[in-house]
Amino acid sequence: MSEVEEVKKKKKVKKTVTRVEVETEESKTGQGDQGEQKNELIFSNEYTKAMSKEWHQSHFCCWKCDESLTGHRYVLKEEHPYCVRCYEQVYANNCEECSKPIGIDSKDLSYKEKHWHEKCFLCNKCRVSLVDKPFGSKAEKVYCANCYDASFATRCDGCGEVFKAGTKKMEYKGHQWHDQCFCCCVCKNPIGTKSFIPRDNDIYCTGCYEEKFATRCIKCSQIITSGGVTYRNEPWHRECFCCTNCSTCLAGQRFTSRDDKPYCADCFGELFAKKCISCTKPITGIGGTRFISFEERTWHNDCFICAKCNMSLVGKGFITDGPEILCPECAKQRLM
């Protein structure tokens with residue numbers, strides 16, 4: 001950080017004479033006037049103290065122009081002293097408004113790498129001072145809050161009012177809202193940084209969206225958040241899609257229905273299916289099971305066999321003998 005200091009002269013009480021032996025280039029090489037060594041006397045009645053050091057007055061100079069700094073203000077930059085004029089030429093920022101350097105006696109106001117004198121930091125339109133006031137910028141110009149709002153501010157899609165300079169706003173897909181105007185269209189609570197769901201031109205909080213639009217189970221009427229089952233174009237929770245009779249979960253299992261109610265294969269067979277005359281087990285038809293019907297009697301395909309020789313009679317002629325069925329050969333033998 002640059003420091004501005006003023007060098008003061010100090011008088012020594014006792015006058016001193018110092019003899020300094022100066023070695024010249026000639027004396028080093030043995031050349032010059034007959035190789036003579038020259039001695040110089042430096043009489044010092046005054047000295048300068050600066051930067052915690054003592055200097056000959058003629059030696060304490062500006063790092064750039066070499067002018068003496070004794071008795072003058074100076075600025076310390078990177079451990080080197082500069083006169084005020086050189087410091088301002090080399091290091092001072094130029095004012096954005098008046099283009100003049102901002103000297104060490106002026107306050108340097110900055111915004112986005114631009115600098116102003118305090119008196120030059122004005123609204124580009126109405127010329128009011130912007131010092132310690134809210135302001136906005138447009139096209140590298142600064143404006144007071146009122147001028148910026150009147151000329152450039154966008155308007156809230158909720159209330160239609162402008163966004164004043166420094167106002168927080170929420171943006172989504174080209175639309176903008178004041179923080180307090182970005183609300184759920186149902187409950188009117190501000191959404192802020194919480195999750196929301198857009199639908200058409202409206203914004204919903206997750207709770208209201210689920211309440212209004214989320215899929216609900218046809219059995220329990222609760223919202224299905226994941227893992228649902230669809231049956232006859234109706235949604236079910238997996239745990240709600242159960243056999244009407246035994247309540248076994250039917251998700252991923254074989255099932256059938258009766259009167260629009262689902263049943264597992266076992267319950268459906270026990271409650272509604274016809275029984276095979278031969279094995280007495282239900283004939284459900286689940287899984288593509290084939291069966292034979294004759295005179296209100298029903299057989300599994302595999303059970304439709306001759307009662308004597310056990311030959312399959314599917315697609316063949318047969319003869320009934322009471323509850324039994326026989327192939328023609330066995331029937332002929334029985335009659336003989």
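**Close-up 1. The aromatic pair of F152 and Y148 in the predicted model.** F152 has a relative accessible area of 27% and is therefore partly exposed, whereas Y148, at 18%, counts as buried (buried means under 20% relative accessible area, exposed over 50%, partly exposed in between, with a 1.4 Å probe and protein chains only). This is a predicted model, in which local features need pLDDT of at least 70 and side-chain atom pairs count only at pLDDT 80 or more, while totals for chains, interfaces and linings use all residues. Residues are numbered from 1 along each chain as its sequence is written, and side-chain values use heavy atoms, with hydrogens and water left out.

**Close-up 2. The aromatic pair of Y82 and Y91.** Rings of Phe, Tyr and Trp (its six-membered ring) pair if their centres lie within 6.5 Å, planes under 30 degrees apart counting as stacked, over 60 as edge-to-face and the rest as tilted; by this rule there are 21 aromatic pairs. The ring centres of Y82 and Y91 lie 5.5 Å apart with their planes at 85°, so this pair is edge-to-face. Y82 counts as buried at 6% relative accessibility, and Y91 as partly exposed at 28%. The pair of Y148 and F152, by contrast, is tilted, with 5.6 Å from centre to centre and 55° between the planes.

**Close-up 3. Polar contacts of the H115 side chain.** The H115 side chain makes polar contacts (pairs of N or O atoms within 3.5 Å, of which one must be able to donate a hydrogen and the other to accept it, residues adjacent in sequence counting only if both atoms are side-chain atoms) with the side chains of D108 at 2.9 Å and N93 at 3.4 Å.
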